[in-house]
Amino acid sequence: MKKFILAESDLPQQWYNILPDLPTPLPPYLNPVTHEPLRPEDLAPLLPQAVIEQEFSPERWIDIPEQVQDIYRMWRPSPLVRADRLEKALDTPAKIYFKYEGVSPAGSHKPNTAIPQVYYNANEGVRRLTTETGAGQWGSALSFAGSLFGVAVTVYMVRASYHQKPYRRSLMHTWGAEVFPSPTERTQAGRDILAKDPDSPGSLGIAISEAVEDALAHDDTKFALGSAMNHVVLHQTVIGLEAKRQLEMAGDYPDVVVGCVGGGSNFSGLVFPFMADRLSGERPGTRFIAAEPTACPTLTRGAYTYDYPDSAGLGPLLPMRTVGHGF
């Protein structure tokens, strides 16, 4: 078989939370003001309560709401494809499979978390969401999700990408979002950058600062994040959970699982359900390979320390490989 397709009835009904299975707890996030361990209530100005609970949840399995499942069925389950021509080109005895997430309406894996994030915000009466986007995948996904739930979306798009990728911007506009090239004059963070460099091409860190500042300034607005935090990678595990069932259809189990890493949601979504088998001792020999760009090596270069996820230092301090949040 070339493609392994699950029925809609096989769509996972729960997300997998890896936190309870880790051998030691992760270092805590830190409050950006006090530098003390972050409490769930510290995130209340930015995130809805349901998402905060998922961020800190000790539960291994978290139910996927039926309304989210129903929207997932627009494109999920996504196909697992046997790359037999690549196998021949490499002249390898290995079997190579890839999980194809490009079938979503927004064209990437990002709606897997955009849909539940907007769902939970809408349930709690949030009128508007702010976010950042670089190349535009996350901004497109959140705009798509916002259009389904009647939640307004404001996207701060890295200025260089705003001009280089007009079609991503068009997608966001089509789904009703407002999109601004970051840095802007709309926020203090943006104005500070422009005062130093009027021609600033922007960065993801700057765009995050603007989106967070905008959300904090409006009572009816929350912030939505496309990667890095636990609730995001939790939602993405639908990828790996499907892939495990599809490999069962193929009569296989992977010796190696490879994923590309930017912020980490794609890698985590595919890898974590398989990593659960290694952590439990059921499949101790599985290898996991994270492929990162040399231009932005977020896993192997820089100092491992606490740093802000944004240029203005508004977000919680996270343990990370960093060359400085102002870079």
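At roughly what angle do the axes of helix α5 and helix α7 cross? In this predicted model, the axes of α5, spanning residues 137–149, and α7, spanning residues 166–174, cross at roughly 15° and come within 8 Å. Because angles under 35 degrees count as roughly parallel, α5 is described as roughly parallel to α7. The points below set out this helix pair and then an open sheet of three strands, together with helix α11, which lies across β1, β4 and β5.

**The pairing of α5 and α7**

- The crossing of α5 and α7 has a left-handed sense.
- On the α5 side the contact is made by Gln-137, Gly-139, Ser-140 and Ser-143, while α7 contributes Arg-168, Leu-171 and Met-172.
- Sorted by character, the residues through which α5 contacts α7 comprise two nonpolar, four polar and one charged.

**The three-stranded sheet**

- The strands of this open sheet follow the order β1-β4-β5, and their pairing is antiparallel.
- Strands β1 (3–4) and β5 (97–99) each have a single partner strand and stand at the edges, so one side of each is left without a neighbour in the sheet.
- Strand β4, covering residues 80–82, pairs with β5 in the antiparallel sense over three bridges, and Arg-82 stands opposite Tyr-97 in β5.

**The helix across the sheet**

- Helix α11, formed by residues 238–250, lies across β1, β4 and β5, and runs at about 145° to β5.

How values were computed. Residues are numbered from 1 along each chain as its sequence is written. This is a predicted model: local features need pLDDT of at least 70, side-chain atom pairs count only at pLDDT 80 or more; totals for chains, interfaces and linings use all residues. Side-chain values use heavy atoms; hydrogens and water are left out. Axes are lines fitted to C-alpha atoms, for helices over the stretch in contact, and angles run from 0 to 180 degrees between N-to-C directions. Helices (H or I, at least four residues) and strands (E, at least two) are DSSP runs, numbered from the N terminus. Angles under 35 degrees count as roughly parallel, over 145 as roughly antiparallel, 65 to 115 as roughly perpendicular and the rest as oblique. A crossing is left-handed if the near helix is turned anticlockwise from the far one by less than a right angle, and right-handed if clockwise. Contact means heavy atoms within 4.5 Å. Ala, Val, Leu, Ile, Met, Phe, Trp, Tyr, Cys and Pro count as nonpolar, Asp, Glu, Lys and Arg as charged, and the others, Gly among them, as polar. Two strands pair if DSSP finds at least two bridges between them.
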